[in-house]
Amino acid sequence: MSVRALVTAAAFALAAVPAASAGTTFTVAPAGLTDGQTVSGVVQIQAALDGAPAQRVEFSIDGRLRAVAQSAPFAFAWDTSQELNGPHTIELWAVAADGTVASAEITVVVSNTFQLALDGIADGQQLQGTVHVTPQVTGLGAQWLEVLVDGELRATLTRLPYAFDWNTALETAGPHRLTIWGVAVGGAVSQVSVQIVVGAGQSADLQTLVAKTLDFRAQTWALQQLMRVPRTPSAAPSGTLAELVLWRSRAAAARLQASHPAHFDDWMCIHSHEAGWTNHDTGHNGHYGGLQMSFDFMRGYAPELYAAKGTADRWTPLEQMWVAERAWASGRGFHPWPETAHMCGLV
């Protein structure tokens, strides 16, 4: 028996009210919304009721119950920024005080924008020393942002305020392309890019060069381990800018490969119906992160991440997706997420 059927049966058993009288009509409809309408941002869905006093109204999106209103104005504020852009089905299911049931269903198209901008850095500008990079986000909220120089990762920004102190002394002098690339809630992607010139005559101390080289080497190895590919061999760092540039390029190549899990769009869809990437045991259900991984799942498919970082809510979104890829490749496919994978048309 479905959850809705159980709730309905319980309601009838407790209320013990007489059946609707002959000829009584009871209808429900979403006020102010039409079938096929394009929506964005927060949409107020209000039930227009007629024919009998209402006891409650349930609001479902794509077959998933989102809210239950038990008093006027029988409304639900739907934040479409948490959904994938595209068509979604809104269903209203109402129960009158006398037990009469009514329902209505329409499809709307979610269309939210996601735009990035760079504050304080202009195209063609010459930069020197440490530069404070502050990306600006409008429209949808960002899941994460990446700061790239010539396509190579310099930083990943996951929390407000989005900011990064860029040491240009660690770059070669001359022209470079600075890019901010981001993924929004719901999976939309946007980027902004400017051409800049790094000033000549700068130098970094040996300690900084060694530390940054080791950092990029560690990033490379961590990404290779995440993807289960062989680790690039290495000698002890010598502390030259050329060596730093080499390991930075290797880290960028590994990052580019890691940023494209085979089922990226599918994981983003499942995540949109599950939880936030940093959700920590929401509802005390023993599941963590944006793909709601259990302890057995985390320990079984990512023992190294679990040992190093703890539960999945502390992993990056890409780490969570690559661990899900491991489960998929083991033969389980999308079945660890039966309900949400079904909503995404995957099972």
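Here is a short conversation about salt bridges in this predicted model.

Student: How many salt bridges does a search of the whole structure find?

Tutor: Happy to help! A pair counts when a side-chain nitrogen of Lys or Arg is within 4 Å of a carboxyl oxygen of Asp or Glu. Searching the whole structure for such pairs gives a total of 10.

Student: Is Arg154, which meets Glu152 in a salt bridge, buried or exposed?

Tutor: Good one to look at. The side chains of Arg154 and Glu152 come together at 3.6 Å, N to O. Buried means under 20% relative accessible area. Arg154 has a relative accessible area of 13%, so Arg154 is buried.

Student: How many residues apart in sequence are the parts that Arg248 and Glu152 tie together?

Tutor: Let's start with the contact: the side chains of Arg248 and Glu152 form a salt bridge at 3.7 Å, N to O. Arg248 belongs to helix H3 (residues 241-258), while Glu152 belongs to strand S13 (residues 152-157), so the parts they tie together are separated in sequence by 96 residues.

Student: Which residues are linked with Glu152 in a network of salt bridges?

Tutor: You have already met two of the partners, since Glu152 pairs with Arg154 and with Arg248. The network also takes in Glu171. Linked with Glu152, then, are Arg154, Arg248 and Glu171.

Student: Which helix holds Arg326, the salt-bridge partner of Glu304?

Tutor: Take the pair first: the closest N and O atoms of Glu304 and Arg326 are 3.0 Å apart. Glu304 sits in helix H6 (residues 303-309), and the pair ties together parts 22 residues apart in sequence. Arg326 lies in residues 317-332, which form helix H7.

Methods:
Residues are numbered from 1 along each chain as its sequence is written. This is a predicted model: local features need pLDDT of at least 70, side-chain atom pairs count only at pLDDT 80 or more; totals for chains, interfaces and linings use all residues. Side-chain values use heavy atoms; hydrogens and water are left out. Buried means under 20% relative accessible area, exposed over 50%, partly exposed in between (1.4 Å probe, protein chains only). Helices (H or I, at least four residues) and strands (E, at least two) are DSSP runs, numbered from the N terminus.
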